[in-house]
Amino acid sequence: MANTNSARIMKLIIMRHGEAETFREQDKTRILTSHGEKQATDAGKWLASYLGADIPIDLALTSSYVRAQQTKQQLSSQVSVIETKICDDVAPEGDPKVAHDFVKVLIDDAPSNNVLLIVSHMPFVSYFLEEVHRDKQTMLFDTSSIVVLDYDTDSGSGVIEKIYHPV
């Protein structure tokens, strides 16, 4: 009998924003420093090289915080991003389980998507990695760090395929 299990594996990329200014009365309005812009651009170069020239990011979910949106913009100067959605579920205080449920819905709604990027903040990125990792592994993210997961859409979990930390 033929094996009918055809798990779909996609790339789920989790990224922390680049270095931001240290203080503003409204945390949401903190912007990237020039170093943070360079970090995000360098991360984009690495990601473009990793994915390959012909592989775009199908969907990027970014926090509504300015520094996360600026990070995605800098990254986009190096790697193609087809669609971007601003998502309050991936804010610093976001609930990783709620965000994961939303990601699963997005994946089900667009089964042709192969690469999904989330640009967010500490501590959310660490908690979200733990939520989606098959073995509940987590780590601390430096600014502009990236974790690429091979994410099994059937099981709703993945394994770390590659990690990028800025130099």
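How many residues apart are Asp101 and Lys104 in helix α3, and what does that make their separation in helical turns? They sit 3 residues apart in that helix, residues 96-109, so about one helical turn separates them. Their side chains meet in a salt bridge, 3.8 Å from N to O. Asp101 is partly exposed at 44% relative accessibility, and Lys104 is partly exposed too, at 34%.

Okay, before I go on: this is a predicted model, so please hear everything with that in mind.

Staying with charges for a minute. Searching the whole structure turns up 8 salt bridges. One of them pairs Asp150 with Lys11, and there the closest N and O atoms are 2.4 Å apart. That pair reaches between distant parts of the chain: Asp150 is in strand β5, residues 146-152, Lys11 is in strand β1, and they are 139 residues apart. As for accessibility, Asp150 comes out partly exposed at 23%, and Lys11 partly exposed at 21%.

Then there's Arg67 with Asp27, a salt bridge at 3.3 Å, N to O. Arg67 belongs to helix α2, residues 66-76, while Asp27 is in the loop between β1 and α1, so this contact ties together parts that are 40 residues apart in sequence. Is Arg67 buried or exposed? Buried, with a relative accessibility of 3%. Its partner Asp27, on the other hand, is partly exposed at 32%.

Right, on to the strands. I'd like you to look at β4, residues 115-120. Of its 6 residues, 6 are buried. Both faces are covered: Val115, Leu117 and Val119 are buried on one side, and Leu116, Ile118 and Ser120 are buried on the other.

Which strands pair with β4? Strand β1, residues 9-16, runs parallel to β4, and 6 bridges join the two. Strand β2, residues 57-62, also pairs with β4 in the parallel sense, over 4 bridges. If you want a single residue to click on, try Ile118. In the β1 pairing, Ile118 is the bridge partner of Ile14; in the β2 pairing, Ile118 is the bridge partner of Leu61.

Those two isoleucines come back when we get to the packing. In general, nonpolar side chains in soluble globular proteins tend to be buried together. Here, the largest nonpolar core holds 23 residues, and the ones with the most contacts inside it are Leu12, Ile14, Ile118 and Phe128. Where does that core draw its residues from? β1, β2, α3, β4, α4 and β5 each put in at least two. Which of them gives the most? That's α4, with 5 residues.

Let's zoom in on Ile14. Leaving out residues up to four places away in sequence, Ile14 touches Ile118, and its other contacts include Val125, Phe128, Leu129 and Val132. Also among the contacts of Ile14 are Phe141, Ser145, Ile146, Val147 and Leu149. So when you select Ile14 in the viewer, have Ile118 up as well: the pair are bridge partners, and both are among the residues with the most contacts inside the largest core.

And there's a second core, separate from that one. It has 18 residues, including Ala60, Leu75, Val79 and Val119. Val119 you've already met, on the β4 face with Val115 and Leu117, whereas Ile118, on the opposite face of the strand, is one of the best-connected residues of the largest core.

That's my tour. Over to you.

Technical notes: Residues are numbered from 1 along each chain as its sequence is written. This is a predicted model: local features need pLDDT of at least 70, side-chain atom pairs count only at pLDDT 80 or more; totals for chains, interfaces and linings use all residues. Side-chain values use heavy atoms; hydrogens and water are left out. Buried means under 20% relative accessible area, exposed over 50%, partly exposed in between (1.4 Å probe, protein chains only). Two strands pair if DSSP finds at least two bridges between them. A salt bridge is a side-chain nitrogen of Lys or Arg within 4 Å of a carboxyl oxygen of Asp or Glu. A nonpolar core is a set of buried Ala, Val, Leu, Ile, Met, Phe, Trp, Tyr and Cys residues joined through side-chain atoms within 4.5 Å. Contact means heavy atoms within 4.5 Å.
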